[in-house]
Amino acid sequence: MRRILTYIAGAKKEYCEDAIYADERTAFVLDGATGITGQRVTDAPSDAAWFVRRFRAYLISALEGDEQILSLLRRGTRAIGAEFLRFPGADRVEDKPSAVLSVVRERKGFLEYYSLGDTEIVIRKKSGEVVTLLDSRLVDLDNRNFARMKEIAERTGKTIREAFFDVFPYILENRKKMNTPDGYCALSHTEAGLDTALQGRIPLEEVRDLMLFSDGFAEIYDLFGLYESPEQMIEDVSANGIVPAIRRLHAAQDADPDCERFVRNKLRDDISVIYAQI
């Protein structure tokens, strides 16, 4: 990979629960799940921040070799899950840390990909075809909660942001469905669900460029509609870089500070983006 561009910023100035990495062979985006219960046992600002920091360090090293991505994720989950459970009180944490992940790696003439959860990969081929890889299971669950928030706001007169607190039980219920057949899958303290990710490979000679990003950036087209499609987005980012796109997204978010027109649970989420040419 070459001409690598990256951007990462936390919604809160104090810390970020996303993590990214990119070099000439590998790139990945991790998006940690913000805790709902408020429990914290690690020495990080949040257990999710600890989790993505540890997984980032692990993946940078593990992806250097030729081990299959699924295999090394299983190994990392066992090790980091055990490390978390050694913190006093970790076994009593109801909402244990988790993260979604998208990763690409150049290996033996192919671009390998693995995407679990609502981080996203967009791959543009030299033919002009654009491949979008999104595990939509978590997106579907989130959209149900956004619909609940809108219904509660309309029925009670609450703001969307106030209605967000009313859907906490549903969010926690969804977390309990993590890595189950009727829920969604993510990196967590167990290996369950890792094999359900979108996985595959594309000949390197077919690939022009790619993007990986968290759902905080995906809002630019799937919520605010600032791009009509991922195709239009990757074309703009390839020509103008990531920062102009971020500025457009921030402007749209700031124009809807109460999240009333574009329903979401906060002004802006953590944002992480990687762009690279092959």
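**Reading burial, ring pairs and helix faces**

Author: Tyr58 counts as buried, at 15% relative accessibility. The model under discussion is a predicted one.

Reader: Why does Tyr58 count as buried at 15% relative accessibility?

Author: A residue is called buried because its relative accessible area is under 20%. Tyr58, at 15%, is therefore placed among the buried residues. Phe55 is buried as well, with a relative accessible area of 0%.

Reader: Where do Phe55 and Tyr58 lie?

Author: Both belong to helix H1 (residues 47-62), where they are three residues apart, about one turn of the helix.

Reader: How should I read aromatic pairs, and how many does a search of the whole structure find?

Author: Planes over 60 degrees apart count as edge-to-face. The search finds 12 aromatic pairs. One of them joins Phe55 and Tyr58, edge-to-face, with 6.0 Å centre to centre and 90° between the planes. Phe164 and Phe168 also form an edge-to-face pair, at 5.0 Å centre to centre and with 85° between the planes. Of these two residues, Phe164 counts as buried at 14% relative accessibility, whereas Phe168 is partly exposed, with a relative accessible area of 25%.

Reader: Which residues do ring pairs link into a cluster?

Author: Trp50, Phe84 and Phe87 are linked in this way.

Reader: Which charged residue lies over the face of Tyr170, and which over the face of Tyr227?

Author: Arg148 lies over the face of Tyr170, at 4.0 Å from the ring centre. For Tyr227 the residue is Arg248, at 5.0 Å from the ring centre.

Reader: I should next like to read a helix by its faces. Which residues of helix H5 are buried?

Author: In H5 (residues 168-176), the buried residues are Ile171, Leu172, Asn174 and Arg175. These residues cover an arc of only 155° around the axis, which puts them on the same side of H5. The face turned away from that buried side carries the exposed residues Pro169 and Lys176.

Reader: What covers the buried residues of H5?

Author: The cover includes helix H3 (137-156) and helix H4 (160-166).

Reader: Finally, consider a loop residue. Is Ser98 buried or exposed, and what is it in contact with?

Author: Ser98 is found in the loop between helix H2 (69-85) and strand E4 (99-107). Ser98 is buried, with a relative accessible area of 3%. Leaving aside neighbours within four places in sequence, the contacts of Ser98 are Asp31, Gly32, Ala33, Phe51, Met178, Ala186, Leu187 and Ser188.

How values were computed. Residues are numbered from 1 along each chain as its sequence is written. This is a predicted model: local features need pLDDT of at least 70, side-chain atom pairs count only at pLDDT 80 or more; totals for chains, interfaces and linings use all residues. Side-chain values use heavy atoms; hydrogens and water are left out. Buried means under 20% relative accessible area, exposed over 50%, partly exposed in between (1.4 Å probe, protein chains only). Helices (H or I, at least four residues) and strands (E, at least two) are DSSP runs, numbered from the N terminus. The arc is that of the directions from the helix axis to the C-beta atoms. Contact means heavy atoms within 4.5 Å. Rings of Phe, Tyr and Trp (its six-membered ring) pair if their centres lie within 6.5 Å; planes under 30 degrees apart count as stacked, over 60 as edge-to-face and the rest as tilted. A charge sits over a ring if NZ of Lys or CZ of Arg is within 6 Å of the ring centre and within 35 degrees of the ring normal.
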